[in-house]
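User: I would like a close look at one part of this model, with the cut-offs behind each term spelled out.

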Amino acid sequence: MGFVLVLVSMVLVWGYGGVEGKECTNEPTQSHTFRYNLLASKNQTWKEEVMSHSHNYHLTPREEEEGGQDDDDWRMLYEKMKMKKAPEGLLKQVSLHDVRLHGGSIHGQAQNTNLKYLLMLDVDRLLWSFRKNAGVPTPGTPYGGWEDPTIEVRGHFVGNYLSASALMWASTHNEELKNKMSELVANLSICQQKIRTGYLSAFPSEFFDRFEAIQHVWAPYYTIHKIMAGLLDQHSIAENPQALKMLTWMVDYFYKRVLNVIRKYSIDWHYQSLNEETGGMNDVLYRLYSITGDPKHLVLAHLFDKPCFLGLLAVKARS
Ligand SMILES: *[C@@H]1O[C@H](CO)[C@@H](O)[C@H](O)[C@H]1NC(C)=O
Ligand SMILES: *[C@@H]1O[C@H](CO)[C@@H](O)[C@H](O)[C@H]1NC(C)=O
């Protein structure tokens, strides 16, 4: 807990230092010239303005006074949506479990096509590279395309399957789908337990060594995010408690990895490494934190907020 607080202050104090003069991109080989120039600018006022937003998405008092200008309308609307509850009886959140489409409608037909597709996919084939990576037997053959065993982002489709099947099950309560996705989660858990560190992936953890060393690798966090989001959906939408345990174990593993990078190199280095796209890592971690209340999950979420990107968005810089 003590270390968590120290780390939060480190992030707050160094957040801006970490982006000064660095490119902000999702591909380290590409230059986003405008952002680079702005961040490299000698204008201290402008830089401080950016800095003050890096890890603070609330409106500053000055911005609040300026509210009402045309281009602020969307933001005011959003603030109103956040502050005020919808008028009684007008809008209310409804669980997907309580919504059914008419089978004969075009939407019902589309849903049924989607359901058939999800049922058509084979658990052994989806699991193939996860099993291979964990060193457990691999019956069947792997899928091709994005899931081909030579593709560096393999496994992300499986993460998407976990999310899609959770949503589809909530929308249909199809038993066959429920069995299929439960088998998938249970077998992924077997892979995770075999590896024993919390790591769960269709590719070796060596990809993360390359990510952390800022060497060429294809978006390993993007892929891991899909798996984490899939497990979270299996827990929160499909009510599978095993999925939450697997997810928190995975997060423990990546928490240690990120802290290790910051200790070994610097927070600046960590933020630079995020230039290789990291998908919705912050999003899934904030969602997880809202369930667990574990401060570690909040800190790790913050560490995936990219200051060079969000800081500029917050001050509405345009390129
Ligand atoms: C520096 O930035 C501030 C804030 O954006 C701006 O008002 C000011 O004109 C800039 N100064 C120079 C010298 O460009
Ligand atoms: C794992 O997947 C296989 C299909 O390969 C299935 O028969 C088995 O029931 C699954 N294991 C669990 C624990 O669900």
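By class, how many nonpolar, polar and charged residues does the lining of the second largest cavity have?

Analyst: The model is predicted, so local features need pLDDT of at least 70 and side-chain atom pairs count only at pLDDT 80 or more, while totals for chains, interfaces and linings use all residues. Residues are numbered from 1 along each chain as its sequence is written, chains are lettered from A and ligands numbered from 1 in the order of writing, and side-chain values use heavy atoms, with hydrogens and water left out.

The lining of the second largest cavity has four nonpolar, two polar and one charged residues, where Ala, Val, Leu, Ile, Met, Phe, Trp, Tyr, Cys and Pro count as nonpolar, Asp, Glu, Lys and Arg as charged, and the others, Gly among them, as polar. A cavity here is a set of points on a 1 Å grid over the protein atoms alone where a 1.4 Å probe fits but cannot get out, and lining residues have an atom within 4 Å of a point. Two cavities of 30 Å³ or more are found by this rule, and the second largest has a volume of about 40 Å³, a volume being the space filled by probe spheres set on points joined across faces, edges and corners. Its lining consists of Phe211, Glu212, Tyr221, Val258, Val261, His270 and Ser273. Helix H10 (206–212), helix H12 (241–264) and helix H13 (267–273) are the elements giving two or more residues to this lining; helices (H or I, at least four residues) and strands (E, at least two) are DSSP runs numbered from the N terminus.

Helix H12 also takes part in an aromatic contact, for Tyr253 in this helix pairs with Tyr199 in the loop between H9 and H10, 54 residues apart. The structure holds 13 aromatic pairs, and this one is tilted, at 5.2 Å centre to centre and 50° between the planes; rings of Phe, Tyr and Trp (its six-membered ring) pair if their centres lie within 6.5 Å, with planes under 30 degrees apart counted as stacked, over 60 as edge-to-face and the rest as tilted.

H9, which precedes that loop, gives three residues, the largest share, to the shell around ligand 2. That shell comprises Asp124, Arg131, Glu183, Ala186 and Asn187, each with a heavy atom within 4 Å of the ligand, and by class it divides into one nonpolar, one polar and three charged. Polar side-chain atoms of Asp124 and Asn187 each lie 2.3 Å from an oxygen atom of ligand 2, whereas for Arg131 the corresponding distance is 3.3 Å.

Key
On a 1 Å grid over the protein atoms alone, a cavity is a set of points where a 1.4 Å probe fits but cannot get out, and a pocket is an open set with protein on both sides within 12 Å along at least five of seven lines; lining residues have an atom within 4 Å of a point. A polar contact is a pair of N or O atoms within 3.5 Å; within protein, one must be able to donate a hydrogen and the other to accept it, and residues adjacent in sequence count only if both atoms are side-chain atoms.
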